[in-house]
Amino acid sequence: MIRSELLAALAKENPGLRAEEVERVVDVFFEEIASRLAEGGRVELRGFGAFSTREREARKGRNPRTGDTVDVPGKRVPYFKPGKEMRHRLNAD
């Protein structure tokens with residue numbers, strides 16, 4: 001699902017909201033998740049899952065074009081852990 005499909009689905013489920021209001025709700029939702037993760041925090045949505053960050057250590061990489069060794073700095077990357085209900089829905093036969 002892409003962002004526009006999400007907006008369309010939310011607008012269909014909530015006919016009392018204008019398209020601009022639905023878009024604003026989605027923007028605020030994603031901005032809050034991104035802000036919390038940037039602060040090093042965690043976002044948990046019961047029944048869905050939890051967003052957090054993980055540390056990646058610095059390492060030696062390789063430039064695929066030239067084959068030269070390149071230093072790749074350490075960084076934080078987003079991580080999602082699905083909740084129990086989500087895992088059950090994904091693995092239901």
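Here's a quick briefing on how the two domains of this protein fit together, plus a few details from inside them. Keep in mind that you're looking at a predicted model. The domain assignment splits the protein into domain 1 (1-39) and domain 2 (42-92). Let's start with where those two domains touch.

**Where the domains meet**

- Measuring between C-alpha centres, domain 1 and domain 2 sit 23 Å apart.
- On the domain 1 side, six residues make contact, and they touch seven residues of domain 2.
- The size of an interface is often given as the accessible area lost when the parts come together.
- For domain 1 and domain 2, the buried area comes to about 510 Å², and carbon and sulfur atoms supply 74% of that.
- In domain 1, the residues losing the most area to domain 2 are I33, R36 and L37, which together make up 81% of what that side buries.

**What kind of contacts these are**

- If you go looking for salt bridges between domain 1 and domain 2, you'll count zero.
- What you will find between domain 1 and domain 2 is two residue pairs in polar contact, both at pLDDT 80 or more.
- Sorted by class, the side of domain 1 that touches domain 2 has four nonpolar residues, two charged ones and no polar ones.

**Salt bridges in the structure**

- Across the structure, there are eight salt bridges.
- One of them pairs the side chains of R3 and E23, at 3.7 Å from N to O.
- That pair ties together distant parts of the chain: R3 belongs to helix α1 (residues 3-13) and E23 to helix α2 (residues 19-38), with the two residues 20 apart.

**A hairpin to look for**

- Strand β3 (residues 59-62) and strand β4 (residues 69-72) run antiparallel and are joined by four bridges.
- To trace the pairing yourself, start at R59, whose bridge partner in β4 is V72.
- Between the strands of this β3 and β4 hairpin lie six residues, and G67 in the hairpin takes a positive phi near 85°.

How values were computed
Residues are numbered from 1 along each chain as its sequence is written. This is a predicted model: local features need pLDDT of at least 70, side-chain atom pairs count only at pLDDT 80 or more; totals for chains, interfaces and linings use all residues. Side-chain values use heavy atoms; hydrogens and water are left out. Domain bounds come from an automatic or database domain assignment. Contact means heavy atoms within 4.5 Å. Buried area is the accessible area (1.4 Å probe) that two parts lose on being put together, summed over both. A salt bridge is a side-chain nitrogen of Lys or Arg within 4 Å of a carboxyl oxygen of Asp or Glu. A polar contact is a pair of N or O atoms within 3.5 Å; within protein, one must be able to donate a hydrogen and the other to accept it, and residues adjacent in sequence count only if both atoms are side-chain atoms. Ala, Val, Leu, Ile, Met, Phe, Trp, Tyr, Cys and Pro count as nonpolar, Asp, Glu, Lys and Arg as charged, and the others, Gly among them, as polar. Two strands pair if DSSP finds at least two bridges between them.
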